[in-house]
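Subject: Structure handover and notes

Hello,

Please find the structure below, with the sequence alongside. My notes on what was found come after it.

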Amino acid sequence: MTGTLLTDRTTRRDRAVVLSTLWIFAVLSYLYCDVLGHMDSAVLADLLDGEVNGMRISPGFLLGAGFLMQVPIWMVLLSRVLPHRAARWANIAAGAVMTLVQAASLTVGTPAAYYVLYSVVELGCTAFIVWYAWTWRTDQRTDQRTDQRADQRTDQRTA
């Protein structure tokens, strides 16, 4: 072991794992912020009335919110399984969408302090995802050679 965060596996796989982990972090942050919101008596009362900050919480709204939250959930998996180019662009697109949506959510009503805290964390995370994916450039042939060398080292260790 070299003592660094990167192992002797390819950069492509390392970036894929880091991006997937960042999406897990974002999803957990979205979820816990929502949990706290349900503990906030003002938000809870508005939810029970069916309207929050002037937005009607209809079945259509909930369906749209469900589709929106599928984006980061799917990115946990897609970051790892898509080929490099598709994974890179999917992370850029999904990160940009989630960053814009979260930023826009801060303009609806007056957000509570806990919501601002989580929003700053989520904005930082998704903006970092966009940057990290944007800078993710690899050469497919280099990946294959690196995979072959890593596989050879593994075979030598187990022999």
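The notes below go from the overall layout to individual residues.

First, the ground rules. This is a predicted model, so to speak of local features a pLDDT of at least 70 is needed, side-chain atom pairs count only at pLDDT 80 or more, and totals for chains, interfaces and linings use all residues. Residues are numbered from 1 along each chain as its sequence is written, and side-chain values use heavy atoms, with hydrogens and water left out.

Overall layout

The protein has six helices and two strands. Helices (H or I, at least four residues) and strands (E, at least two) are DSSP runs, numbered from the N terminus. Read from the N terminus, the order is α-α-β-β-α-α-α-α. Of the 159 residues, 29% are buried. Here buried means under 20% relative accessible area, exposed means over 50%, and partly exposed is in between (1.4 Å probe, protein chains only). The accessible surface comes to about 10,100 Å², and carbon and sulfur atoms hold 67% of that. These areas come from the Shrake-Rupley method with a 1.4 Å probe; for residues, only the protein chains shown count as cover.

Contact means heavy atoms within 4.5 Å. Among contacts with a separation of 6 or more, 78% are between residues 24 or more positions apart.

Cysteines

The disulfide count is zero, a disulfide being a pair of cysteine sulfur atoms within 2.5 Å. Cys33 is buried because its relative accessibility is 4%. Cys125 counts as buried too, at 5%.

Helix 4

Helix 4 covers residues 84-105, which is 22 residues. The expected span of a helix is 1.5 Å times one less than its number of residues. For helix 4 that gives 32 Å, and the end C-alpha atoms are 31 Å apart, so the two agree. Its buried residues include His84, Arg88, Asn91, Ile92, Met98 and Gln102.

Arg88 also has aromatic company. A charge sits over a ring if NZ of Lys or CZ of Arg is within 6 Å of the ring centre and within 35 degrees of the ring normal. Arg88 lies over the face of Trp89, 5.0 Å from the ring centre. The charged end of Arg88 also sits over the ring of Trp134, at 5.5 Å from its centre.

Aromatic pairs

How many aromatic pairs does a search of the whole structure find? The search finds five. Rings of Phe, Tyr and Trp (its six-membered ring) pair if their centres lie within 6.5 Å; planes under 30 degrees apart count as stacked, over 60 as edge-to-face and the rest as tilted. One of the five is Phe128 with Trp131, a tilted pair with 5.5 Å between centres and 40° between planes. Phe128 and Trp131 are three residues apart in helix 5 (residues 113-134), so about one helical turn separates them. An α-helix has 3.6 residues a turn, so residues three or four places apart point the same way. Phe128 is partly exposed at 35% relative accessibility, and Trp131 is partly exposed at 47%.

Phe128 also pairs with Tyr132, and this pair is stacked, at 5.3 Å centre to centre and 20° between the planes. Phe128 and Tyr132 are four residues apart in helix 5, about one turn. Tyr132 is buried, at 14% relative accessible area. Phe128, Trp131 and Tyr132 make up one aromatic cluster.

Loops and a residue of helix 3

Asn53 has a phi near 50°, which is positive although the residue is not glycine. Most residues other than glycine have a negative phi. Asn53 is in the loop between strand 1 (51-52) and strand 2 (55-56), and is partly exposed at 44% relative accessibility.

Leu106 is in the loop between helix 4 and helix 5, and counts as partly exposed at 25% relative accessibility. Beyond its neighbours within four places in sequence, Leu106 is in contact with Pro111, Tyr115, Val116, Ser119 and Leu123. The C-alpha atoms of Leu106 and Val120 are 9.9 Å apart, and the two residues are 14 apart along the chain.

Leu78 belongs to helix 3 (residues 59-81), and is partly exposed with a relative accessible area of 23%. Between Leu78 and Ser20 the C-alpha distance is 7.9 Å, with their positions 58 residues apart in sequence.

Regards
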